[in-house]
Amino acid sequence: MLNYILRRIFWIPILLLLVSLIVFFLGVYGPGDPVEVQLGNNYDEQSANRIREKMGLNDPFFIQWVHYISNAVTGDFGESYVFKNRSVSELLLPKLIVSAKLNIISFLIALIIGIPMGFYAAINYGSPKDPLVVIFALIFYAMPVFFTAPFLILIFALQLDLVPVSGWGGIFDKRIILPALTVGVGGAAVFVRLIRSSMIEVLDTDYIKLARAKGVSENMVLWKHAFRNALLPVVTIMGFSLAGLFGGSLIVEILFGIPGIGRISLDSVYSRDYPVIMAIVLIGSSALVIANLIIDFIYTLIDPRIDME
Amino acid sequence: MINNNLNSISSTSSTKLFFSNFSRKKLGVICAILVATIYLVGIFAPFLAPYDYSDTNLLKTQAGPDFENILGTDRLGRDILSRVIWGIQTTVIVTITGLLTGSLILGLFLGLLAGYYRGIFDFIVMRTGELVSSFPDILLIILLASTLRPRITNIFYSIEDNLNISGLVSSGIIDYLVIGIALLPLSWFGTMRLIRAQVFSIRNIDYVQSARTSGASTFRIVTRHVLPNVLAPLLVTATFGLGAVALSEVILSFFGLGVQPPRPSLGAMLADVSGRGGSSVSVLKSHPEQLLSPIIIIWIMIFCWNIIGDALIDILNPRKN
């Protein structure tokens, strides 16, 4: 057990180093010259070379990478090429918070809609109600964000004029409603399918049959015996949602004009602002890898049947 | 000889069984027909589209449906029906090439190798997969597409110059290549892991062991004994994969990083109407119906590939029968 944990923890920094190496490679050998961007119309060979020397861009690739990594570990991701004199961390922190707020609300919406519907479908397994719920969920699952977002904007913003079309004002602003619904509805469909299949599986086990046979009331069986066990797979999804908390929903943020991490990552890809891109990828990957590890541990804690090996 | 006969009997009857089982899944059949229709439309786009995708008519922009333009025209007076049909062709090309290169060739090949040989090869393939899947996925695709495009464009221009040919760049092949390569790193790992697990469970079963002791070559064991056993799960992942690849292309083109104008793509059509910046909702407000046709096609494709995948799982999983 301890061996396994140590191995996993030991692997994480190697993984992240490799991630950073790949992104750094794309940044250095990708198109676009940061010095050209910085100088703009005042570009001339001499000053360009001076800046390159100062930024360390003339160093060999490997030296540049080591330099970048040793700074990144302390939280210093360098300066943005586009937003002059602003450090990447200073630039990204507020965006991370915006994305996290949006994702928390969307996640709650997904839970509130998804879990009861999945539960309902499972206890009606075998009756026509179950496939109806499943198809309903699948329709929303397959519904691209490109559709949900303009559709909601069209109805609630342009026709009914209940909320503004786009913008951001925090959790308690009504502009969060449409984007959160857009993300939440898709997530709810995932929960429906997940809870349904895990509930059906649990209801088929021997201990549920035993509970029923010894006369435990149906409500007790469903809620106390089955539901709690059926929640196990939700932990996995929850972990990934947590990892995605700072990831930002690229498309939704673009369509609703939300100044989150998705918006700035696309902007920095367009403007080839590599320090920003690298930082976003590194933060995203770290969150994903660490969340993965935590999920595995929580899983073994709540479900002792799983063996770590 | 006898062995061969037995084989052919069992395979025909299992194919029949497969189709008779599938025909019982009503929704699955409807979806299969819908998807097949969409793919046929895409393949025969040059014959079906009433106009060329880039034909503009500036005297008739943002027009509603009439006899000339059944679905109306867009902001440049291009026929929307034609653009949807050509856009479907883009999706068809991207999904099929994406599936063949990523999931089928790379995933299957690496899965068989890692599962059969294990050891260091398995270790390298698995760690590479973990590395790739620890990237934020959409961001990696977008980053790759935007970094690769100028390089690939340059390569093609120099090919055109050196070989004295033209039309290579304007044929749109760069777009497909960029999308294909950008999707490749993420597409193979799922299939590979699945195939690998299957091979693990099969390679020590008695009949494989006896084939090996009777001197069958590795190639023969893999193609005759291992491969047929992994076809079912492969079919299922391929089905789900097709929907995912279609959506990825739409996302890339929506952000202007996939198919470039004037070539049509369903994603680019969506971006035209709903606006990439979140601020330009004027077209959405005045002509929301232009969103409808590309969206419905995308929706049907993703929905149907999922339904077909679910149906296949039910049919191919012997425990459930």
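**The contact between the chains**

Begin by selecting the residues at which chain A and chain B meet in this predicted model. The contact draws 36 residues from chain A and 34 residues from chain B. On the chain B side, the elements that contribute two or more residues are α5 (119-133), α6 (137-163), α9 (218-254), α10 (266-274), α11 (282-286) and α12 (289-316). Colour that side of chain B by residue class, and 23 nonpolar, 7 polar and 4 charged residues will appear.

**Chain A as a whole**

Next, display chain A alone. Its secondary structure consists of 14 helices and 0 strands. Along the principal axes, the C-alpha atoms of chain A occupy a box of roughly 85 × 60 × 30 Å. How does the radius of gyration of chain A stand against that of a compact globule of 309 residues? Chain A has 24 Å, whereas such a globule would have a value near 19 Å. Buried residues account for 36% of the 309 residues of chain A. Among the contacts in chain A with a separation of 6 or more, 71% join residues 24 or more positions apart.

While chain A is displayed, select Arg272(A). This residue is placed in the loop between α13 (261-270) and α14 (274-302) of chain A. Its phi is near 55°, a positive value in a residue other than glycine. Most residues other than glycine have a negative phi. Is Arg272(A) buried, exposed or partly exposed? Arg272(A) is partly exposed, because 19 other C-beta atoms lie within 10 Å, and a buried residue needs 20 or more.

**Chain B as a whole**

Now switch the display to chain B. Here the secondary structure comes to 12 helices and 0 strands. The C-alpha trace of chain B spans about 75 × 50 × 40 Å along its principal axes. Of the 321 residues in chain B, 41% are buried. Residues 24 or more positions apart supply 71% of the contacts in chain B that have a separation of 6 or more.

**Two helices that cross: α2(B) and α4(B)**

Select residues 26-43 of chain B, which form helix α2, together with residues 80-117, which form helix α4. Their axes are 7 Å apart, and the helices pack at an angle of about 105°. The pair is therefore roughly perpendicular, α2(B) to α4(B). Show the side chains where the two meet: α2(B) brings Ile38(B), Tyr39(B), Val41(B), Gly42(B) and Ile43(B), and α4(B) brings Ile85(B), Ile88(B), Gln89(B), Thr91(B) and Val92(B). By class, this contact comprises 7 nonpolar, 3 polar and no charged residues.

From α4, continue to Arg118(B), which lies in the loop between α4 and α5 of chain B. Arg118(B) has a positive phi, near 50°, in a residue other than glycine. Arg118(B) counts as partly exposed, because it has 14 C-beta neighbours inside 10 Å.

**Two helices side by side: α9(B) and α12(B)**

Select α9(B) and α12(B) next. Their axes come within 9 Å and cross at roughly 170°. For this reason α9(B) is roughly antiparallel to α12(B). On α9(B), the residues of the contact include Leu235(B), Phe240(B), Gly243(B) and Val250(B); on α12(B), they include Met301(B), Trp305(B), Asn306(B) and Leu316(B). The classes in this contact are 16 nonpolar, 4 polar and no charged residues. Both helices also belong to the elements listed for the side of chain B that touches chain A.

**The nonpolar cores**

Finally, display both chains together again. Which residues have the most contacts inside the largest nonpolar core? They are Ile277(A), Val281(A), Ile141(B), Ile142(B), Ala145(B), Ala182(B) and Leu270(B), in a core of 133 residues. The helix α12(B) gives the largest share of this core, 14 residues.

Centre the view on Ile141(B). Neighbours within four places in sequence aside, Ile141(B) is in contact with Ala182(B), Leu183(B), Leu186(B), Ser248(B) and Leu252(B). Another core, of 14 residues, lies apart from the largest one; among its members are Ala114(B), Val125(B), Leu194(B) and Val199(B). Selecting these four residues of chain B completes the tour.

Terms used. Residues are numbered from 1 along each chain as its sequence is written. Chains are lettered from A and ligands numbered from 1 in the order in which they are written. This is a predicted model: local features need pLDDT of at least 70, side-chain atom pairs count only at pLDDT 80 or more; totals for chains, interfaces and linings use all residues. Two residues are in contact if their C-beta atoms, placed from the backbone, lie within 7 Å. Helices (H or I, at least four residues) and strands (E, at least two) are DSSP runs, numbered from the N terminus. Ala, Val, Leu, Ile, Met, Phe, Trp, Tyr, Cys and Pro count as nonpolar, Asp, Glu, Lys and Arg as charged, and the others, Gly among them, as polar. A residue is buried if 20 or more other C-beta atoms lie within 10 Å of its own, exposed if 12 or fewer, and partly exposed in between; C-beta atoms are placed from the backbone. Axes are lines fitted to C-alpha atoms, for helices over the stretch in contact, and angles run from 0 to 180 degrees between N-to-C directions. Angles under 35 degrees count as roughly parallel, over 145 as roughly antiparallel, 65 to 115 as roughly perpendicular and the rest as oblique. A nonpolar core is a set of buried Ala, Val, Leu, Ile, Met, Phe, Trp, Tyr and Cys residues joined through C-beta atoms within 7 Å. The radius of gyration is taken over C-alpha atoms; the globule rule is 2.2 Å times the number of residues to the power 0.38.
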